[in-house]
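Q: Could you go through this structure with me, a bit at a time? I'm new to reading models like this.

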Amino acid sequence: MLQIAVINESTVITADAVKSMVPAFSGQWNNELNAVWGVGQAQFVFVDPGTTPPGGSWWVVFLDDSDQANALAYHDLTDQGLPISKVFVKTILADNASVSVGATHEICEMAVDPWLNSAYQDLQGTFWAGEVCDPVEDPQYGYEIGGVLVTDFVTPNWFGHRNAVGDIDYRKRAQTAFEVLTGGYAQKWDPQQGWQQITGARAQQSKRAKAQVGSRRERRARKWKGWQPSKRFKNM
């Protein structure tokens, strides 16, 4: 079974606070997300400070400040080519956002698109980035697992595949394929215009609304080719 190491490197959230989220991470991945996206089962393990994460594990790391152009959180690959989600606690709190929603947002997207190269083509030939939480990312669309607020996420039907039938997102907030709710955003690639971002009205007030210089979204838009894997942490 896939193991996912949960690591707290932040100075503004306690180990106990992070540990209290772990059952919700596990519950959402193994139940709701797996039922919709077939991501398989995973075991989440909290790693105490100074302890080496299990070999071959994926990581969820809580840090203080963003290391990538004010991103609240993002998922990437380690120098060993394994998926990692980074959650920037100070940056999230400064944006009046939810730490647990930010964490589960990246965990869900890491589960569905672990290698960061998924996109889905609609019937008109436009490609949509495989980011399953972005269109419904605002905390108002989330739900609780054991008292922990977790993110909503879209289903495969959001991407408008042929003969799609059923819910557009898990919480049934979106009504049509490719709908971006007021607190969300999405990226699409048009053969004539390249990458474009669609941003909901409420999301325009967030730090995540604009693709900051150096961020994954901004680099995608300008066809950045210098991608580098995320480095290991010095105490690991």
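**Talking through the model**

Q: And what kind of model is it?
A: It is a predicted model, so please read every value below as something computed from predicted coordinates.

Q: How many disulfides are there in the whole structure?
A: A search of the whole structure turns up zero disulfides.

Q: What about Cys108, how far away is the nearest cysteine sulfur?
A: The nearest cysteine sulfur to that of Cys108 belongs to Cys133 and is 4.5 Å away. Because a disulfide needs the two sulfur atoms within 2.5 Å, Cys108 is in no disulfide, and Cys133, for which the nearest cysteine sulfur is that of Cys108, is in no disulfide either.

Q: Are those two cysteines buried or exposed?
A: Cys108 is buried, with a relative accessible area of 2%, and Cys133 is buried as well, with a value of 0%.

Q: OK, changing topic: how many salt bridges does the search find?
A: The search of the whole structure finds two salt bridges. In one of them the side chains of Lys19 and Asp48 meet, at 4.0 Å from N to O, and in another the side chains of Asp167 and Lys172 meet, with an N to O distance of 4.0 Å.

Q: Why can side chains pair like that?
A: Side chains of opposite charge can pair when their charged atoms come close.

Q: Where in the chain do Lys19 and Asp48 sit?
A: The pair links distant parts of the chain, since Lys19 belongs to helix 1 (residues 15-37) while Asp48 lies in the loop between strand 2 (42-47) and strand 3 (58-63), and the two are 29 residues apart.

Q: And how accessible are the residues in these salt bridges?
A: Lys19 is partly exposed, with a relative accessible area of 37%, and Asp48 is partly exposed too, at 40%. In the pair of Asp167 and Lys172, Asp167 counts as partly exposed at 38% relative accessibility, whereas Lys172 is exposed, with a relative accessible area of 55%.

Q: Back to helix 1, at what angle do helix 1 and helix 3 pack?
A: Helix 1 and helix 3 (residues 99-112) pack at an angle of about 40°, and their axes are 10 Å apart. The two helices are therefore oblique to each other, and their crossing is right-handed.

Q: Which residues meet there?
A: From helix 1 the residues are Met21, Phe25, Gln28, Trp29, Leu33 and Trp37, and they meet Val99, Ser100, Ala103, Thr104, Ile107, Cys108, Ala111 and Val112 in helix 3.

Q: Can we look closer at Gln28, is it buried or exposed?
A: Gln28, whose place is in helix 1, is buried, with a relative accessible area of 2%. Leaving out residues up to four places away in sequence, Gln28 touches Leu33, Asn34, Thr104, Cys108, Tyr143, Ile145, Val150, Thr151 and Phe153, and Cys108 is the buried cysteine that we discussed above.

Q: One last residue, where does Asn157 lie?
A: Asn157 lies in the loop between strand 9 (148-150) and strand 10 (185-190), and at 11% relative accessibility Asn157 counts as buried.

Q: What does Asn157 touch?
A: Not counting residues up to four places away in sequence, Asn157 touches Ala164, Val165, Gly166, Asp167, Ile168 and Ala177. Asn157 and Ala177 are 20 residues apart in sequence, and their C-alpha atoms are 6.4 Å apart in space, while Asp167 also takes part in the salt bridge with Lys172.

Conventions
Residues numbered from 1 in each chain as written. Predicted model: local features only at pLDDT ≥ 70, side-chain atom pairs only at ≥ 80, totals over all residues. Heavy atoms only, no water. Buried < 20%, exposed > 50% of the residue type's maximum accessible area, 1.4 Å probe, protein only. Helix = DSSP H or I, 4+ residues; strand = E, 2+ residues; numbered from the N terminus. Axes fitted to C-alpha atoms, helices over the stretch in contact; angles between N-to-C directions. Parallel < 35°, antiparallel > 145°, perpendicular 65-115°, else oblique. Left-handed = near helix turned anticlockwise from the far one by under 90°. Contact = heavy atoms within 4.5 Å.
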